[in-house]
Amino acid sequence: MSTIPESVAKVRARIREAAQASGRDPQDVQLLAVSKTKPANDLREAFACGQRDFGENYLQEALAKQAELADLALTWHFIGPIQSNKTRAIAEHFAWVHAVDRLKIAQRLSEQRPTDLPPLNLCLQVNVSGEASKSGCAPAELAELARAVAELPNLRLRGLMAIPEPTDDPTAQRAAFARLRELKDGLGLDLDTLSMGMSHDLEAAIAEGATWVRIGTALFGARDYGQPSR
Ligand SMILES: *Cc1c(COP(=O)(O)O)cnc(C)c1O
């Protein structure tokens with residue numbers, strides 16, 4: 001098994017090569033280290049390699065790690081599904097949320113975002129895999145949702161996020177990510193973010209314009225529990 005510093009170096013090299021292969025500047029692709037189920041010390045090791053952005057899925061676990069790592073200047077992203085009763089703590093303790101798919105949740109985050117903090121950066125999760133996926137708004141409902149969210153104070157709508165159905169076929173991977181890019185471009189809003197690509201498909205995501213890749217397993221090793229959908 002690789003050490004965390006080795007894994008960080010490998011993932012950075014994959015990102016750089018994928019960006020170069022599609023004529024993109026590697027700087028335009030940011031690495032979000034997905035640390036769900038991993039101990040605070042793993043994040044500390046990644047931090048020592050220069051990693052600053054971390055993504056968590058489970059609120060209580062994330063808050064515990066934030067307390068343990070309060071001595072580090074980290075940027076926290078909430079990437080899991082959001083229930084209404086969790087919005088206040090998320091609005092108070094994170095810089096980004098990646099998986100909003102309902103207006104009601106966005107409204108609560110906006111109302112509950114402390115005004116002494118910068119606006120909460122937000123991505124709308126879109127279901128680009130149809131029946132195969134339960135989370136994410138339907139592509140047909142995206143335009144209306146995005147327009148409404150873009151009006152809310154205390155939030156900054158940055159772009160779209162997707163978790164396509166897993167497949168090993170690079171063509172199918174790219175098709176799903178291309179769909180998300182086209183949906184973003186079709187909105188006619190000023191959006192700069194595509195949060196797409198995980199350990200197994202980051203190359204395809206970068207080829208289709210990912211600006212955040214969300215990487216867990218390739219950095220920290222396999223997880224014992226805690227898959228994206230519960
Ligand atoms: C767990 C998770 C990831 C990371 O997945 P890996 O396959 O381990 O890289 C990315 N995005 C979301 C939303 C997740 O829940």
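Which residue does UniProt list for "modified residue: N6-(pyridoxal phosphate)lysine"? Select Lys36: the UniProt entry, which is unreviewed, gives that residue. Keep in mind that this is a predicted model.

**Stop 1: Lys36**

Show the backbone around Lys36. Strand E1 (30–34) comes before, helix H2 (40–48) comes after, and Lys36 sits in the loop between them. Is Lys36 buried or exposed? Lys36 is buried, because its relative accessibility is 5% and the buried class covers values under 20%.

**Stop 2: the ligand shell**

Now select the ligand and display its surroundings. The shell holds 14 residues. Lys36 is among the closest, along with Asn57, Ser199, Thr217 and Arg223. Colour the shell by class. You should find 7 nonpolar, 4 polar and 3 charged residues.

**Stop 3: polar contacts of the ligand**

Move to the polar atoms and take three distances in turn.

- Thr217: an N or O atom of its side chain is 2.5 Å from an oxygen atom of the ligand.
- Gly216: here a polar backbone atom lies 2.8 Å from a ligand oxygen.
- Arg214: a side-chain N or O atom is 2.9 Å from a nitrogen atom of the ligand.

Switch on the protein surface next. On its own the ligand has 390 Å² of accessible area, and the protein covers 96% of that.

**Stop 4: the annotated domain**

Select residues 9–223. UniProt, again in an unreviewed entry, assigns this range to the feature "domain: Alanine racemase N-terminal". Colour by secondary structure: the range is 41% helix and 18% strand. Then mark the two end C-alpha atoms, which are 20 Å apart.

**Stop 5: Asp201**

Go to Asp201. This residue is in the loop that runs from strand E7 (193–195) to helix H8 (202–207). Asp201 is buried, since its relative accessible area is 5%. Draw a line from its C-alpha atom to that of Cys123. The two residues are 78 positions apart along the chain, and the line spans 20 Å.

**Stop 6: the cysteines**

How many disulfides does the count come to? The count is 0. Select Cys137 to see an example. Cys137 is in no disulfide, and the nearest cysteine sulfur, in Cys123, is 12 Å away. A disulfide here would need two sulfur atoms within 2.5 Å. Cys137 is also buried, because its relative accessibility is 5%.

Finish at Cys49. Its relative accessibility is 23%, so Cys49 counts as partly exposed.

Technical notes
Residues numbered from 1 in each chain as written. Predicted model: local features only at pLDDT ≥ 70, side-chain atom pairs only at ≥ 80, totals over all residues. Heavy atoms only, no water. Near = heavy atom within 4 Å. Polar contact = N/O pair within 3.5 Å; in protein donor to acceptor, adjacent residues only side chain to side chain. Areas by Shrake-Rupley, 256 points an atom, 1.4 Å probe, with all protein chains shown as cover. Nonpolar A, V, L, I, M, F, W, Y, C, P; charged D, E, K, R; others polar. Buried < 20%, exposed > 50% of the residue type's maximum accessible area, 1.4 Å probe, protein only. UniProt positions renumbered as here; feature names shortened; annotations may be inferred. Helix = DSSP H or I, 4+ residues; strand = E, 2+ residues; numbered from the N terminus.
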